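Work through the exercises below with the sequence and the model side by side. Try each task before reading its solution.

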Amino acid sequence: MFIEQTHETLIAHLDKKDYRVRDIDHKSISIFRIIGQEADNLGRECYVIGGFVRDIFLGLDSKDIDCVTVGSGIELAERLKKRLGKHTHLSTFRNFGTAQLKHTEKDFKTGEIKEMMDVEFVGARKESYRSDSRKPVVEDGTLQDDQNRRDLTINDLAICLNKEHFGELIDPFHGLDDLKEGVCRTPLDPDVTFSDDPLRMLRTIRFACRFDFRILPETFESIARNRDRIKIISGERIIEELNKIQMCEKPSKGWMLLQKCGLLQIIFPELSALAGIESREGRGHKDNFLHTLTVLDNVCRMEREQNRTPNLWLHWAAIFHDLGKAKAKLYDEKLGWTFHNHDFIGQRMVLPIMRRLKLPLGAEMKYVQKLVGLHMRPIHLADEGITDSAIRRVMFEAGNDTDDLMLLCEADITSKIPEKVKRFLDNFKVVRQKMQEIQEKDDYRNWTPPIDGNEIMERYHLQPSKEVGILREAQKNAILDGECENTREAALAFLDAKAKEIGISRDS
């Protein structure tokens, strides 16, 4: 919601309690007033700029504070560090001409140390670029030079912190009007803006997705024209923007824009390959790209409805869950279009794609693999009838991620036939109830068979071998299938019988 701001209300916002610190004379004073005072002492212009100012007008809380000064940002930050004293930490990045100031204070009632603010300082600059690099040639500049180089007009708003003009808004490209109208537009010629720094194309799409803004046609057409420039951007910078899109309230908008402008085909061709409908003999399949985005939005909506903390890796599992369909797709004259084993194919695709996208390859990757590989299992339970054995197996394989798996599966029901949706969701309720009953009897989410491999080798005088694996797997399956009680005594009796069956004696 856009908030109308006057000069007085901007000043009031800058002076709000959250950004007050105790000055050396023990008075509580706005950090912005202190910054302005030190800038005046140096004879420098100084402004708070970018996302912090934008979010004032959008009515959003923001502690991402960027200050630009005409001159050395590091020198101004050093002056502030000296003034604010021992509770202030300064980090300088001289190669980039920036400094970061973090100030903490003790709560006088609780004694707790709290971070009061985090401000980044940079000197105003102008930039020029080579065609093969996004690293600019940087020169000192004016505020106007600094605003010229920014990505979008809505991120170009600045508020003066100097005493004489404290709280005045500097808006040379009418970013305030664009905020009111919900528009993403570049300050200068979009071809120059995006060619200079191609990451700005992804940022434009991310902001359009985050705020549900529209991208002006000429701006979007420029993204499409310059899309190949994204190849000079590092994977780490690209995935940072994709992760932010994934955490938007409705991330499908960002992915749709990436597909429409052609960036997705470069960044994530496996997802782009799901788009479209193929028909034979008058029989077509659903557009699996649109289906995937619907599932992703469903996951985000269900998280909000259930007051769950948004889970980035569950969102990625939603994106990955049907990737295998492009490779698994076959047409059968009797059955029509089939996607057999797309879950297993997709599970194998997770590692190489996450490696290429610079996503983490540890627990996060294994989590995504697990959910992709299992996402058809609860649906099959709903289709084929529910047995305790089948439910135990799903709970055993999903472990602590069983609830996430069930949420993904319910989000995957995207049929436009209300009766079909109701039938599946009703069946999932039964599955959840059965899971709860089994969980109360025996915790199969964190379960391991009573007898491990080391004890099997010791009991039957075996070396590490195929036979050890056979006995371990037989024990696990017997307990999950209800053929053997989940106790140590029952498991040992079962193993003795199984060992005898395959010719292994305890005396051998």
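Buried means under 20% relative accessible area, exposed over 50%, and partly exposed in between (1.4 Å probe, protein chains only). This is a predicted model, where local features need pLDDT of at least 70, side-chain atom pairs count only at pLDDT 80 or more, and totals for chains, interfaces and linings use all residues. Residues are numbered from 1 along each chain as its sequence is written, and side-chain values use heavy atoms, with hydrogens and water left out.

**Exercise 1. Positive phi**

Task: Place D212 and N341, and classify each as buried, partly exposed or exposed.

Solution. Start with the background: most residues other than glycine have a negative phi. Helices (H or I, at least four residues) and strands (E, at least two) are DSSP runs, numbered from the N terminus.
- Step 1. D212 sits in the loop between α8 (199-211) and β13 (214-215). Its phi is near 55 degrees, a positive value in a residue other than glycine.
- Step 2. The relative accessible area of D212 is 59%, so D212 is exposed.
- Step 3. N341 belongs to the loop between β17 and α17. Its phi is positive too, at about 65 degrees, and N341 is not a glycine.
- Step 4. N341 has 48% relative accessibility, so it counts as partly exposed.

**Exercise 2. The whole protein**

Task: State how many helices and strands the protein has, and what share of its residues is buried.

Solution.
- Step 1. The protein has 25 helices and 17 strands.
- Step 2. Of its 508 residues, 49% are buried.
- Step 3. Now take contacts (heavy atoms within 4.5 Å). Among those with a separation of 6 or more, 65% join residues 24 or more positions apart.

**Exercise 3. Two helices against the ruler**

Task: Check the lengths of α24 and α18 against 1.5 Å a residue.

Solution. The expected span is 1.5 Å times one less than the number of residues.
- Step 1. Helix α24 covers residues 466-480, which is 15 residues, so it should span 21 Å. Its end C-alpha atoms are 21 Å apart, which agrees.
- Step 2. Helix α18 covers residues 363-374, which is 12 residues, so 16 Å is expected. Its end C-alpha atoms are 16 Å apart, in agreement.
- Step 3. Look at the buried sides. In α18 the buried residues are M365, Y367, V368, L371, V372, G373 and L374. In α24 they are V468, L471, A474, Q475, K476, A478, I479 and L480.
- Step 4. The buried residues of α24 pack against α20 (388-398), α23 (453-460) and α25 (488-501).
- Step 5. Just after α24 comes G482, with a positive phi of about 80 degrees.

**Exercise 4. L152 and F173**

Task: Find out where L152 and F173 lie, and how their C-alpha atoms are separated.

Solution.
- Step 1. L152 is in the loop between α5 (143-148) and β10 (158-160). It counts as buried because its relative accessibility is 0%.
- Step 2. F173 is in the loop between β11 (169-170) and α6 (175-181). Its relative accessible area is 14%, so F173 is buried.
- Step 3. The two residues are 21 apart along the chain, and 9.3 Å separates their C-alpha atoms.
- Step 4. F173 and P187 are 14 residues apart along the chain, with 5.9 Å between their C-alpha atoms.
- Step 5. Leave aside residues up to four places away in sequence. L152 then touches C184, R185, T186, P187, T204 and F207. On that basis, the contacts of F173 include Q147, N148, R185, P187 and L188.

**Exercise 5. A buried serine and a buried glutamate**

Task: Describe the surroundings of S91 and E38.

Solution.
- Step 1. S91 is in strand β5 (residues 88-93). Its relative accessible area is 18%, so S91 is buried.
- Step 2. The side chains of S91 and H89 share a polar contact of 3.2 Å. Such a contact is a pair of N or O atoms within 3.5 Å; within protein, one must be able to donate a hydrogen and the other to accept it, and residues adjacent in sequence count only if both atoms are side-chain atoms.
- Step 3. Beyond four places in sequence, S91 touches T98, A99 and Q100.
- Step 4. E38 is in helix α2 (residues 31-42). It is buried, with a relative accessible area of 7%.
- Step 5. Beyond four places in sequence, E38 contacts L76, R79, L80 and R83.
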